[in-house]
Structures are given as structure tokens and as C-alpha cells.
Amino acid sequence: KELSTDFDRCTADVPLIRYLCSTEIDQALSEARSRTLVTGSIEELRRAARVLRASGTSDAIVALTSAVERGRRHGLALHESPRVVAHFQRCERLLREIVGIVELLRQGLTNQNRRILKAGIEKAGKIGLSCSEVKEAKRKLGIDVREK
């Protein structure tokens with residue numbers, strides 16, 4: 001943005017140069033905006049995944065879902081950087097795993113199926129998930145539920 005402002009100031013009296021170079025300036029600004037969006041999306045993904053692993057709460061799941069959706073909107077799955085793509089895919093895979101566990105627990109709760117509840121609690125324990133579905137499943141099975 002600073003470069004664009006300087007360009008506008010310096011070419012105020014030279015409209016031909018401004019006209020000839022405006023396409024390159026617009027492209028550079030567009031690329032800078034894109035990099036800012038990608039950087040912001042990656043930072044949000046990192047923060048959400050870190051919080052989810054630390055707390056495992058429903059709010060953390062919502063934050064990760066939001067971050068993954070933002071990454072999808074910004075095209076991180078098809079980004080030119082393999083590191084960006086890999087990080088996005090890891091977060092997306094984590095979210096799919098969590099959604100699968102929550103669905104498993106909900107099914108177990110709905111059907112009152114102890115085997116499914118135990119499997120869901122075991123999977124949730126492996127990744128530190130402690131959302132409301134995990135707590136309810138533990139209550140149904142008579143397992144001590146302690147707040148983090």
C-alpha cells in the first residue's frame with residue numbers, strides 16, 4: 001500500500017507513466033492482499049488447532065471449523081506453497097476426525113449403545129477432546145467427568 005501511495009504521489013504530474021504502470025501496480029496490490037489473506041488464514045488455523053489440542057472444548061471445535069472454512073474460501077487446498085497446502089490438509093483432517101467422533105458419540109447417546117459410547121470416548125481421549133458429547137457419554141457410562 002505504501003508503494004502504491006508513493007507511486008500515486010510521484011506520478012501525479014506524469015499521467016502517461018501512471019497509465020502505463022497502473023496494471024503492474026494493481027497486480028502487485030492484488031498479490032499483496034492475497035498473501036495477507038493466506039497468512040491470516042494460516043495463523044487462524046494454527047491458533048485454532050493449538051487451542052483444540054489444549055482444551056478440546058466445543059468452542060475450540062467451532063473455532064477450528066471456522067478456520068478451515070476460511071482456508072477453503074481462500075483456496076489454501078490449491079495454494080502454490082506445499083507447506084500451506086500440507087498445513088491446511090492436516091487441520092482439515094483433524095476436523096474430519098473430530099466430526100466423526102462427535103457423530104459416533106451422538107449415535108451412541110441416541111441409541112443408548114454402550115459399545116459405541118466406549119469407542120467414542122476412547123477416540124476422543126486420544127486427541128484430548130472434551131466437548132459436551134464426550135462429557136454426556138461419560139455420564140451415561142458412569143465415568144467420572146472432571147472439568148479441565
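1. Let's start with Leu37, which sits in helix H2 of this predicted model. Leu37 has a relative accessible area of 40%, so it counts as partly exposed. Its contacts beyond four places in sequence are Arg70 and His74. Leu37 and Arg70 are 33 residues apart along the chain, yet their C-alpha atoms are 9.4 Å apart in space.

2. Arg70 also has a charged partner worth a look. Which residue forms a salt bridge with Arg70? That residue is Glu44, and the closest N and O atoms of the pair are 2.6 Å apart. The bridge ties together distant parts of the chain, with Glu44 in helix H2 and Arg70 in helix H3, 26 residues apart. Is Glu44 buried or exposed? With a relative accessible area of 16%, Glu44 is buried, because the cut-off for buried is under 20%.

3. Staying in helix H3, have a look at Glu69 and Arg72. These two side chains form a salt bridge whose closest N and O atoms are 2.3 Å apart. About one helical turn separates Glu69 from Arg72, because they are three residues apart in helix H3. Glu69 is partly exposed at a relative accessible area of 33%, and Arg72 is partly exposed too, at 39%. The pair belongs to a network of salt bridges that links Glu69, Arg72, Glu92 and Arg96.

4. At the start of the chain, helix H1 covers residues 2-10 and contains both Asp6 and Arg9. Their side chains meet in a salt bridge with an N to O distance of 3.3 Å. Asp6 and Arg9 are three residues apart, about one turn of the helix. How accessible are the two partners? Asp6 has 36% relative accessibility and counts as partly exposed, whereas Arg9, at 56%, counts as exposed. As general background, side chains of opposite charge can pair when their charged atoms come close. The count of salt bridges in this model comes to eight.

5. Now for the nonpolar interior. The largest nonpolar core has 30 residues. Which of them touch the most other members? They are Leu45, Leu64, Ile98 and Leu129. Helices H2, H3 (58-73), H4, H5 and H6 each supply at least two residues of this core. The largest share, 10 residues, comes from H4. In soluble globular proteins, nonpolar side chains tend to be buried together.

6. Leu64 makes a good place to zoom in on that core. Leaving aside residues up to four places away in sequence, Leu64 touches Ala48, Ala49, Leu52, Cys91, Leu94, Leu95 and Ile98. One of these partners, Ile98, is itself among the four core residues that touch the most other members.

7. Helix H6 runs over residues 132-141, and its buried residues are Glu133, Val134, Ala137 and Leu141. Why do they line one face of the helix? Seen down the axis of H6, the buried residues fall within an arc of 100 degrees, so they line one face. The cover over these buried residues includes helix H4 (82-111) and helix H5 (114-127). Just after H6 comes Gly142, which takes a positive phi of about 75 degrees.

8. A second positive phi deserves a check on your screen. Gln112 has a phi of about 55 degrees although it is not a glycine. Where is Gln112? Gln112 lies in the loop between H4 and H5.

9. On the surface, Leu16, Tyr19 and Leu20 form a nonpolar patch, with about 390 Å² of accessible area together. Leu16 lies in helix H2, which covers residues 15-55. At 59% relative accessibility, Leu16 counts as exposed.

10. Finally, a word on Arg93, which lies in helix H4. Arg93 is partly exposed, with a relative accessible area of 46%. Its C-alpha atom and that of Ser130 are separated by 18 Å, and the two residues are 37 apart along the chain.

Definitions and conventions. Residues are numbered from 1 along each chain as its sequence is written. This is a predicted model: local features need pLDDT of at least 70, side-chain atom pairs count only at pLDDT 80 or more; totals for chains, interfaces and linings use all residues. Side-chain values use heavy atoms; hydrogens and water are left out. Buried means under 20% relative accessible area, exposed over 50%, partly exposed in between (1.4 Å probe, protein chains only). Helices (H or I, at least four residues) and strands (E, at least two) are DSSP runs, numbered from the N terminus. The arc is that of the directions from the helix axis to the C-beta atoms. Contact means heavy atoms within 4.5 Å. Patches are made of residues with over 30% relative accessible area and no salt bridge: like charges are joined within 9 Å, nonpolar side chains (Val, Leu, Ile, Met, Phe, Trp, Tyr) within 5 Å. Accessible areas come from the Shrake-Rupley method with a 1.4 Å probe; for residues, only the protein chains shown count as cover. A salt bridge is a side-chain nitrogen of Lys or Arg within 4 Å of a carboxyl oxygen of Asp or Glu. A nonpolar core is a set of buried Ala, Val, Leu, Ile, Met, Phe, Trp, Tyr and Cys residues joined through side-chain atoms within 4.5 Å.
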